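Please look through the model below before reading on, since the paragraphs that follow lead from an enclosed space to the helices around it and then to an open pocket.

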Amino acid sequence: MTVDRELRSDDDPIVEVSMATVVGYAAAALALFGWFLFGWLVQRQGFVDSVGESAGTGFALLLAVSVIGTVRRGRG
């Protein structure tokens with residue numbers, strides 16, 4: 001079994017992550033943690049249920065980021 005992969009040449013620019021992206025991801029992580037605590041401590045829905053709900057929300061956010069990134073790259 002072989003895997004084809006593109007190798008980065010010396011001509012390819014290195015894309016740095018902007019500070020806005022880092023702040024956005026940090027805000028999303030903080031919001032997910034807050035959502036977990038809200039479900040666990042305020043709604044008293046159980047630890048496992050709160051973890052599952054927060055994880056599902058996190059995966060949905062990652063999917064949205066992936067789709068938006070793909071659309072933005074496809075335009076340029």
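How many nonpolar, polar and charged residues does the lining of the largest cavity have, by class? The lining has 2 nonpolar, 5 polar and 1 charged residues, where Ala, Val, Leu, Ile, Met, Phe, Trp, Tyr, Cys and Pro count as nonpolar, Asp, Glu, Lys and Arg as charged, and the others, Gly among them, as polar. This is a predicted model, in which local features need pLDDT of at least 70, side-chain atom pairs count only at pLDDT 80 or more, and totals for chains, interfaces and linings use all residues. Residues are numbered from 1 along each chain as its sequence is written, and side-chain values use heavy atoms, with hydrogens and water left out.

The whole structure holds 1 cavity of 30 Å³ or more, a cavity being a set of points on a 1 Å grid over the protein atoms alone where a 1.4 Å probe fits but cannot get out. About 30 Å³ of space lies in the largest cavity, and its lining, meaning residues with an atom within 4 Å of a point, consists of Trp35, Phe38, Gly39, Gln43, Gln45, Ser50, Glu53 and Ser54. Helix 1 and helix 2 each supply at least two of these residues.

Those helices (DSSP runs of H or I, at least four residues, numbered from the N terminus) span residues 19-42 and residues 47-75, and they pack at an angle of about 155° with their axes 8 Å apart. That angle makes helix 1 roughly antiparallel to helix 2, because angles over 145 degrees count as such. Where they meet (heavy atoms within 4.5 Å), the residues of helix 1 include Trp35 and Gly39, and those of helix 2 include Ser50, Glu53 and Ser54. The residues of this contact divide into 10 nonpolar, 5 polar and 1 charged.

The largest pocket (an open set with protein on both sides within 12 Å along at least five of seven lines) has a volume of about 250 Å³. Among its lining residues are Val15, Thr21, Tyr25, Val65 and Arg73, and the largest share, 5 residues, comes from helix 2. By class, the pocket lining has 4 nonpolar, 5 polar and 2 charged residues.

Note on methods
Axes are lines fitted to C-alpha atoms, for helices over the stretch in contact, and angles run from 0 to 180 degrees between N-to-C directions. Helices (H or I, at least four residues) and strands (E, at least two) are DSSP runs, numbered from the N terminus. Angles under 35 degrees count as roughly parallel, over 145 as roughly antiparallel, 65 to 115 as roughly perpendicular and the rest as oblique. Grid points are joined across faces, edges and corners, and a volume is the space filled by probe spheres set on the points.
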